[in-house]
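Me: I would be grateful for a close look at a single part of this structure, namely the sheet. Please describe how its strands are ordered and paired, and what packs on them.

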Amino acid sequence: MAAQDRIRWDQIYRERADRPYPEPHPLLFEFTPPVDPERGLRALDLAGGLGQNALWLSTQGYEVDLMDISRTALLRAQEEMRRRGLRRVNLLQVDLDQPHLEADAYALVCVFRFLKRELFPLLRATIQPGGRIIYETFNRRYLQILPAFNPQHLLEVGELVGYFADWKLLLYQEDDHIAQLVAIKPPAGG
Ligand SMILES: C[S@@+](CC[C@H](N)C(=O)[O-])C[C@H]1O[C@@H](n2cnc3c(N)ncnc32)[C@H](O)[C@@H]1O
């Protein structure tokens with residue numbers, strides 16, 4: 001475990017325990033494909049924190065893996081699931097410094113406000129052909145707003161889209177300090 005990350009994030013989530021449970025990200029409303037209930041589809045919310053996005057995806061019919069290092073965050077997600085009577089979210093305490101992502105496992109992966117560059121090859125591989133990624137995080141322009149932010153966790157402008165240059169882009173925008181991308185993995189043999 002990346003012990004420092006875990007301790008730091010557990011503390012952040014403890015300090016925020018009395019804040020309202022967050023709303024899901026609006027990008028999901030626009031870009032999440034419907035699930036055929038006969039087939040069932042798997043989604044991954046990577047470094048999903050309190051799980052607001054994972055929980056919303058489960059209400060749309062996805063079987064969701066919520067991966068995060070913070071047990072405090074996952075416990076709050078569990079509490080919220082109970083409150084809403086949701087079941088189809090697997091709460092996984094995972095250190096993404098030592099990731100294991102199965103190939104071709106997910107129809108949808110979402111990542112919000114998280115960056116570990118080493119993960120991009122695994123992210124590309126874990127999405128099924130025809131599946132999609134929904135990604136939003138900060139780029140270096142964020143330093144103008146928060147100069148103390150760790151630049152390691154900030155994208156270069158234009159970097160995110162470079163990782164998915166051979167995928168079909170449904171959305172890419174980076175006008176300000178936030179990069180947003182939605183892309184579809186080419187079909188097998190395509
Ligand atoms: C800025 S928060 C974003 C949370 C969520 N995606 C959202 O948008 O609300 C970053 C998340 O990354 C998680 N994280 C940090 N380092 C991690 C690691 N090494 N492995 C797994 N998760 C990690 C933290 O616990 C935290 O929940």
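Reply: The following account takes up the sheet strand by strand. This is a predicted model, in which local features need pLDDT of at least 70 and side-chain atom pairs count only at pLDDT 80 or more, while totals for chains, interfaces and linings use all residues. Residues are numbered from 1 along each chain as its sequence is written.

The sheet is open and has 7 strands in the order β3-β2-β1-β4-β5-β7-β6, with mixed pairing. Strands are DSSP runs (E, at least two residues) and helices likewise (H or I, at least four), numbered from the N terminus; two strands pair if DSSP finds at least two bridges between them. Because β3 (89-93) and β6 each have a single partner strand, they stand at the edges, and one side of each is left without a neighbour in the sheet. From one strand to the next, the twist averages 15 degrees (axes are lines fitted to C-alpha atoms, for helices over the stretch in contact, with angles from 0 to 180 degrees between N-to-C directions).

At the β3 edge, β2 (residues 62-68) pairs with β3 in the parallel sense over 5 bridges, and D68 has Q93 in β3 as its bridge partner. Helix α4 (residues 71-84) packs on the sheet, touching β2 and β3, and its direction makes about 165 degrees with that of β3. Contact here requires C-beta atoms, placed from the backbone, within 7 Å.

At the β6 edge, β6 (residues 168-173) pairs with β7 in the antiparallel sense over 5 bridges, and a hairpin of 4 residues joins β6 to β7. Q173 has Q180 in β7 as its bridge partner. Strand β7 (residues 178-184) also pairs in the antiparallel sense with β5 (residues 127-138), over 7 bridges.

Key
Contact = placed C-beta atoms within 7 Å.
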